[in-house]
Amino acid sequence: MKIVVFGEILWDVFEDEKKIGGAPFNFAAHAAREGADVCLISAVGNDPLGDKAMKACEKLNVPVECITRVEQQTGRCMVHLENGTPVYDLSGDMAYDHITIPEDLCIDEGTTLYFGTLAQRSSDSHDALRRLLDRRESFQEVFLDINIRQDYYSSELIEESIAASTILKISREEIGVLNIQGEPVD
């Protein structure tokens with residue numbers, strides 16, 4: 001199975017440690033571990049966290065050919081708990097706000113596209129994703145992972161993303177924020 005994953009690589013910064021993450025990175029790493037042919041389209045900075053991110057990708061068998069190195073810093077997210085619930089404080093203008101699509105990207109028949117909402121917070125990355133979605137007929141499935149973080153979304157962005165997808169992943173918390181009605185899933 002071939003999966004094109006579009007979105008952020010970032011470091012979750014806790015009080016005493018940093019962990020590589022970002023929903024697209026995590027999805028790519030898990031898919032690669034399960035044997036999928038993964039193409040992660042993202043961007044990291046020309047900085048020590050970018051170097052560590054590239055090494056983490058290689059260690060997890062996530063190919064780095066479609067990860068661009070840019071001048072902005074590698075993404076970071078400060079994480080703390082409030083009443084047992086994680087609270088995310090994302091920095092602005094990070095590397096993943098400047099994702100580009102490789103010109104030689106080949107999409108084979110039967111490929112699945114995975115994307116989320118957070119990387120669409122900037123016009124650069126949003127426009128790059130739209131160019132990918134313009135090739136919608138090339139993808140067998142389009143998997144949307146909604147991530148509601150701070151004010152980095154709009155109803156128009158959510159509606160546009162859902163309309164482009166064939167598979168939707170959303171958490172209970174995000175359902176509440178978006179006021180989506182439906183049957184609970186266990």
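Biologist: What span should helix H2 have at 1.5 Å a residue, and how far apart are its end C-alpha atoms?

Modeller: Helix H2 takes in residues 48–59, where helices (H or I, at least four residues) and strands (E, at least two) are DSSP runs numbered from the N terminus. The expected span is 1.5 Å times one less than the number of residues. For the 12 residues of H2 this should give 16 Å, and the end C-alpha atoms agree, as they are 16 Å apart.

Biologist: What kind of model is this, and how are residues numbered?

Modeller: This is a predicted model in which local features need pLDDT of at least 70 and side-chain atom pairs count only at pLDDT 80 or more, while totals for chains, interfaces and linings use all residues. Side-chain values use heavy atoms, without hydrogens or water, and residues are numbered from 1 along each chain as its sequence is written.

Biologist: Which residues of H2 are exposed on the side away from its buried ones?

Modeller: Buried means under 20% relative accessible area, exposed over 50%, and partly exposed in between (1.4 Å probe, protein chains only). In H2 the buried residues are Leu-49, Gly-50, Ala-53, Met-54, Ala-56 and Cys-57. They cover an arc of only 160° around the axis, taken from the directions from the helix axis to the C-beta atoms, so they lie on the same side of H2. The exposed residues on the other side are Pro-48, Lys-52, Lys-55 and Lys-59.

Biologist: Is Asn-61 buried or exposed?

Modeller: Asn-61 lies in the loop between H2 and E5. Its phi is positive, about 60°, although it is not a glycine. Its relative accessibility is 61%, so Asn-61 counts as exposed.

Biologist: Where does Asn-83 lie, and is it buried or exposed?

Modeller: Asn-83 has a positive phi near 55° and is a residue other than glycine. It lies in the loop between E6 and strand E7 (85–90). At 83% relative accessibility, Asn-83 counts as exposed.

Biologist: How are H3 and H4 oriented to each other, parallel or perpendicular?

Modeller: The axes, lines fitted to C-alpha atoms over the stretch in contact, with angles from 0 to 180 degrees between N-to-C directions, come within 12 Å and cross at roughly 25° for H3 (residues 123–133) and H4 (residues 155–164). Angles under 35 degrees count as roughly parallel, over 145 as roughly antiparallel, 65 to 115 as roughly perpendicular and the rest as oblique. H3 and H4 are therefore roughly parallel.

Biologist: Which residues of H4 are met by H3?

Modeller: Contact means heavy atoms within 4.5 Å. From H3 come His-126, Arg-130 and Leu-133, and they meet, in H4, Leu-157, Glu-160, Ser-161 and Ala-164.
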